[in-house]
Amino acid sequence: MTTLIKGGTVVASTGAALAEVLIDGEQVAALLQPGSAIATAAEAGAQVIDASGKLVVPGGVDVHTHMELPFGGTEASDDFESGTRAAAWGGTTTIVDFAVQRYGEAVRDSLDVWMAKAEGNCAVDYGFHMIIGDVTNDSLKEMDLLVDEGITSFKLFMAYPGVFYSDDGQILRTMQQAAGNGGLIMMHAENGLAIDVLAEQAFERGDTSPVNHGYVRRKELESEATHRAIQLAKVGAAPLYIVHLSAREALEQVAIARDRDMNVFAETCPQYLYFSLEEHLDRSGFDGAAYVCSTPLRSHHEHHQQELWRGLRSNDLAVVSTDHCPFCMKEQKELGLDDFRAIPNGIGGVEHRMDMIYQGVRTGEIGLARWVELCATTPARMMGLYPRKGIIAAGSDADIVIYDPDKVWTISVDNHHMNMDHSAYEGVEVTGHVDTVLSRGKVIVDNGQYLGRKGDGRYLPRSLCQYLQ
Ligand code: DUC
Ligand code: ZN
Ligand code: ZN
């Protein structure tokens, strides 16, 4: 079957132009000049989608999600079925989730468990990174095999002692292994040992409410860990990708490394661009628990948000992902009613990334092409999925979003599709709307209706990071 998307403005990371998109089966066949003889000929016999007045953009690529993650005494409330369907509603057609090796487990066995969770359940295409939670000789060897199979990135934690934490020696050994096999080291950069001291002291003082999560996870402990991770990456000669960066001081460390030509990259997430410690984490009663995530929301007095937007423009921040890790208030966030340390860390947002970053286009923080670059093209290249994903070009998968740049609407728990009993974005008015979504040529969202099926999404083996120098 052929499909022609006509009348729209096709946006790439390099710019935007009126063009018609011809799709043959699952792939883009050609971009055609509107009104050309070849476009007119292509229209005959094709399914025609009218995108007049709309933007035609590559499907979003969210390289940081945690579907069904067992964490904080519970499990993230979106499974692969509900979470990837919500992603599709929000214009994200590829996710890269985290398989988890826990202490005492074999990496291969853990990966098999996560593959089984996702297989046959996803609405959109998916890949995996591997969290290495137990750095042993065997784990290190298994990393090489995983790279051969398309799991080309490995996440380590400098936070969460006793859960996912790796010490500096373990980090260095993992980096040395990655230097040999070409894998990308993704780092949760917070000094978890110091944070736990401050958290215990706060609790002993009787400071038990959600905002204390933000007070104890100090920006210095993010920037110190970011600096340390960069130095270890230099010694280990491995490429490094800092996840969910929120503090301007941590961004400075990344900028210094990049100025020195290191293979150091970083992402931030919408919550850090729009939410703050004072306005969200410090909400009255227990409401701030909805905003407990790590790294934490930062103080708006310190202008982190402006610096993050600047970093997105300068490319010191190359990717926007969500760190989608949803928990319901009831029975999940509530685990920490009397102790902020027991609130499961995470915010659900896989559905809202494209819209929230598009708001930056509306306010002039970034341009239209940069929106596509941050949300689709660069994440695809960073994680070895380009040009199959992240661009509308001949031969690419026909993962395409038809986006209404002018529609005004309000985000609410009543209209989102994530499996959550609240929305961190409740009441946020946005301009811009995902009207139609195609995944590998098939229309899966259109006109307020979900037309896809469970299991439409396929596993994506990935090549190495495509930015390494
Ligand atoms: N941070 C979160 O907020 N949730 C999941 C794990 C993490 O590092
Ligand atoms: Zn993390
Ligand atoms: Zn995460």
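Student: Why is the site of the zinc ion (ligand 2) called tetrahedral?

Tutor: Four donors get that name if all angles lie between 85 and 135 degrees. Here the four donor atoms make angles of 85 to 129 degrees, so the site fits the definition. For comparison, the ideal angle for four tetrahedral donors is 109.5 degrees. Do keep in mind that this is a predicted model, in which local features need pLDDT of at least 70, side-chain atom pairs count only at pLDDT 80 or more, and totals for chains, interfaces and linings use all residues. Residues are numbered from 1 along each chain as its sequence is written, chains are lettered from A and ligands numbered from 1 in the order written, and side-chain values use heavy atoms, without hydrogens and water.

Student: What makes Lys155, His188 and His244 donors of the zinc ion (ligand 2)?

Tutor: A donor is an N, O or S atom within 2.8 Å of the metal (3.2 Å for Na, K and Ca). NZ of Lys155, ND1 of His188 and NE2 of His244 lie at 2.1 to 2.5 Å, so they qualify. Along the chain their spacing is K-x32-H-x55-H.

Student: Which residues coordinate the zinc ion (ligand 3)?

Tutor: His64 (NE2), His66 (NE2) and Asp323 (OD) are its protein donors, at 2.0 to 2.2 Å. The two zinc ions, ligand 2 and ligand 3, are 3.7 Å apart.

Student: How do you know that His188 makes a polar contact with ligand 1?

Tutor: A polar contact is a pair of N or O atoms within 3.5 Å. An N or O atom in the His188 side chain is 2.9 Å from an oxygen atom of ligand 1, so the pair counts. Backbone N or O atoms of two other residues also pair with a nitrogen atom of ligand 1: Ser294 at 2.7 Å and Asn345 at 2.9 Å.

Student: What makes us say that ligand 1 sits in the largest cavity?

Tutor: A cavity is a set of points on a 1 Å grid over the protein atoms alone where a 1.4 Å probe fits but cannot get out. A molecule sits in one if more than half of its atoms lie within 2 Å of its grid points. Ligand 1 meets that test for the largest cavity.

Methods: Polar contact = N/O pair within 3.5 Å; in protein donor to acceptor, adjacent residues only side chain to side chain. 1 Å grid on protein atoms, 1.4 Å probe; cavity = no way out; pocket = protein on both sides within 12 Å on 5 of 7 lines; lining within 4 Å. Tetrahedral: all angles 85-135°; square planar, octahedral: opposite > 155°, others 65-115°.
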